[in-house]
Amino acid sequence: MEAVIFDFDGTIVDTEALWIDVYQELIQERYAYEVPLEVFQACIGTQDTSLYDYLTTHVDAHITRDELSPFAEKRVNERLVDLPVKDGITDLLRTLHEHGVRMAIASGSQLKFIAEFINKHSIAHYFEAIRCADDVVHVKPHPEIYEEALFVLNLEPEQCIAIEDSENGAKSAVAAKIPCIVVPNDLTSSGHFPEEVTILSTVEEAKEQILAIHTR
């Protein structure tokens with residue numbers, strides 16, 4: 001095993017809850033409507049198409065992405081940098097670096113969000129490459145983001161491990177034929193994960209398993 005490819009949202013930082021909170025705020029302010037949590041959960045790890053389908057069906061037929069998305073992005077961006085790195089991630093990055101394991105990010109987020117966060121928290125230097133929504137046509141669960149990461153790293157799928165938190169992210173890694181460890185959170189634990197993945201409870205458990213594989 002030569003490299004670990006990290007998801008960003010929900011794996012490195014808990015942005016998923018932030019995005020949900022921001023959209024709930026905006027929708028409540030503008031339409032006095034509360035969207036069920038499961039509608040947002042269906043969007044985790046992929047695009048928000050199903051959210052807008054729900055909004056145009058149940059809230060207002062004339063709602064468009066341009067009407068909400070810029071305001072949501074602004075609020076998220078204002079709050080994102082103040083979120084902490086998830087428990088165990090900084091230690092995992094440091095440990096993998098000490099063991100000579102290469103690292104990359106494969107995320108459905110935009111580069112501007114990822115770069116600002118990892119630079120502020122002084123973890124950017126650990127990542128050899130970032131592939132994100134800006135680089136691909138198809139986001140997760142399509143495998144393109146992971147395939148792009150493999151191309152940049154010049155590695156085969158079996159030489160890597162993906163770390164994910166969501167069903168859509170896990171499906172993307174599996175479709176790219178990359179062994180995948182999933183550390184779900186409260187929002188994603190009810191997902192229907194592919195049988196090929198390894199589901200663990202903590203990042204510490206993931207670290208132990210990755211090191212065991214790396215040192216075989």
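This passage goes through the overall build of the chain, its two largest pockets and the setting of one alanine.

The structure is a predicted model. Its chain carries nine helices and six strands. As for overall dimensions, the C-alpha atoms fit in a box of roughly 55 × 35 × 30 Å along the principal axes. The radius of gyration comes out at 17 Å, and since a compact globule with 216 residues would have a value near 17 Å, the two agree. Buried residues account for 47% of the 216 in the chain. Contacts tell something about how the sequence is brought together: of those between residues at least 6 apart in sequence, 64% link residues that are at least 24 apart. On the outside, the chain has an accessible surface of about 10,300 Å², and carbon and sulfur atoms contribute 48% of that.

Turning to the pockets, the largest one holds about 750 Å³ of space. Its lining is made up of 29 residues, and those nearest the centre are Trp19, Thr46, Gln47, Asp48 and Gly108. Three helices, α1 (15-31), α3 (49-58) and α4 (65-80), each put at least two residues into this lining. Of the contributing elements, α1 gives the most, with four residues. By character, the lining of the largest pocket splits into 10 nonpolar, 11 polar and eight charged residues.

The second largest pocket comes to about 230 Å³. Here 18 residues form the lining, with Lys86, Asp87, Val183, Thr202 and Val203 closest to the centre. Both kinds of secondary structure take part: helices α5 (89-98) and α9 (203-214) and strand β4 (160-164) each supply at least two residues to the lining of this second pocket. The largest share, three residues, is down to α9. Sorted by type, the lining of the second largest pocket has seven nonpolar, six polar and five charged residues.

That leaves the alanine. Alanine 115 sits in helix α6, which covers residues 111-120. Its relative accessible area is 23%; because buried means under 20% and exposed means over 50%, alanine 115 counts as partly exposed. Another alanine, at position 17, lies 98 residues away from alanine 115 along the chain, and the C-alpha atoms of the two are 19 Å apart.

Technical notes:
Residues numbered from 1 in each chain as written. Predicted model: local features only at pLDDT ≥ 70, side-chain atom pairs only at ≥ 80, totals over all residues. Heavy atoms only, no water. 1 Å grid on protein atoms, 1.4 Å probe; cavity = no way out; pocket = protein on both sides within 12 Å on 5 of 7 lines; lining within 4 Å. Points joined across faces, edges and corners; volume = space filled by probe spheres on them. Nonpolar A, V, L, I, M, F, W, Y, C, P; charged D, E, K, R; others polar. Buried < 20%, exposed > 50% of the residue type's maximum accessible area, 1.4 Å probe, protein only. Rg over C-alpha atoms; globule rule 2.2 N^0.38 Å. Contact = heavy atoms within 4.5 Å. Areas by Shrake-Rupley, 256 points an atom, 1.4 Å probe, with all protein chains shown as cover.
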